[in-house]
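Q: Please take a close look at one part of this structure for me. Then connect that part to the rest of the chain, step by step.

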Amino acid sequence: MTLTATDVRQLIESTPPDQLPALTDSLTSQVFGDGVETTMTVAEVSELVGVSAHTLRYYERIGLVEVARDAHGYRCYDRSAVGRIVFVTRLRLSDMPIRDIKKYVDLVNLGPDTVPDRLALLERHRDRIRQQIADLEFAEAVIDYKITTYGGNCSA
């Protein structure tokens, strides 16, 4: 998966909000392309997003994602499921608690009337991320200070 934060930001900046494609499409376009709908196995999704098959099954069990089954009972992740998994893994990477992700997914499942609640939840989380970034930048500056006092180079 080669979609970057820069790619997502450019899409946000170049597209009116009401014309943004579904996030699922943006997150999975390089994996699925725009052609015939295909599916991925649990092993393929696990490798793609960098989480274990156990984690993927857990996400399914607690209702974060719905995954179809083939005739043999094996999980078949379609574009929607993979997009949801990528989104959930980014939220987890940013330290959003599972309970908040579950609340968000439950709100999505309740329909468009919950958009204000979803927006508020995501804005609160973004504020926490921004504080974490500020804290990490300060920690980096303190470490750079010490590296400099030891004669090291902090330009890298």
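A: Start with one term: a residue counts as buried when its relative accessible area is under 20%, as exposed when it is over 50%, and as partly exposed in between. Keep in mind that this is a predicted model.

Now go to helix H3, residues 42-49. Three of its residues are buried: Val45, Ser46 and Val49. Look down the helix axis and see where they point. They cover an arc of only 105 degrees, so they sit on the same side of H3. The general geometry fits here. An α-helix has 3.6 residues a turn, so residues three or four places apart point the same way.

Turn to the opposite face of H3. The side turned away from the buried residues carries Ala43 and Glu47, and both are exposed. What lies against the buried side? The buried residues of H3 pack against H4 and H5. Then look just past the end of the helix. Gly50 follows H3 directly, with a positive phi of about 80 degrees.

Follow H4 next, one of the partners of H3. Helix H4 covers residues 53-61, and it holds Glu60. Glu60 makes a salt bridge with Arg75, and the closest N and O atoms are 2.5 Å apart. This bridge links distant parts of the chain: Glu60 belongs to H4, while Arg75 belongs to strand E2, residues 75-76, and the two are 15 residues apart. How covered is each end of the bridge? Glu60 has 18% relative accessibility, so it counts as buried. Arg75 has a relative accessible area of 21%, so it counts as partly exposed. A further residue joins in. Glu60, Arg69 and Arg75 are linked in a network of salt bridges.

H5 is the other partner of H3. Helix H5 spans residues 79-93. Walk on from there into the loop between H5 and H6, and you meet Asp95. Its phi is near 70 degrees, a positive value in a residue other than glycine. Why point that out? Most residues other than glycine have a negative phi. Asp95 has 54% relative accessibility, so it counts as exposed.

Helix H6 comes next, at residues 98-110. Inside H6, Lys102 and Asp106 are four residues apart, about one turn of the helix. Their side chains meet in a salt bridge, at 2.8 Å from N to O. Lys102 is partly exposed, with a relative accessible area of 26%. Asp106 is also partly exposed, at 32%. Another salt bridge joins Arg99 and Asp100, with the closest N and O atoms 4.0 Å apart. Here the two ends differ in cover. Arg99 is exposed at 62%, but Asp100 is buried at 17%. In total, the whole structure has five salt bridges.

Move along to helix H7, residues 115-149. It has 35 residues. From its first C-alpha to its last it reaches 51 Å, close to the 51 Å expected at 1.5 Å a residue. Arg118, Leu121 and His125 are buried in H7. The cover over the buried residues of H7 includes helices H5 and H6. So H5 appears twice in this tour: the buried residues of H3 pack against it, and it helps to cover those of H7. The end of H7 has a glycine too. Gly151 comes just after the helix and takes a positive phi of about 85 degrees.

Now step back to the whole chain. It has seven helices and two strands. From the N terminus on, the elements run α-α-α-α-β-β-α-α-α. The radius of gyration is 19 Å, well over the 15 Å that the globule rule gives for 156 residues, so the chain is more spread out than a compact globule. Along its principal axes, the C-alpha trace spans about 65 × 35 × 30 Å.

How many of the residues are buried? Of the 156 residues, 26% count as buried. The chain exposes about 10,600 Å², and carbon and sulfur atoms supply 55% of that area. Last, consider the contacts between residues at least 6 apart in sequence. Of these, 57% join residues at least 24 apart.

Technical notes:
Residues numbered from 1 in each chain as written. Heavy atoms only, no water. Buried < 20%, exposed > 50% of the residue type's maximum accessible area, 1.4 Å probe, protein only. Expected span 1.5 Å × (residues − 1). Contact = heavy atoms within 4.5 Å. Arc of directions from axis to C-beta. Rg over C-alpha atoms; globule rule 2.2 N^0.38 Å. Areas by Shrake-Rupley, 256 points an atom, 1.4 Å probe, with all protein chains shown as cover.
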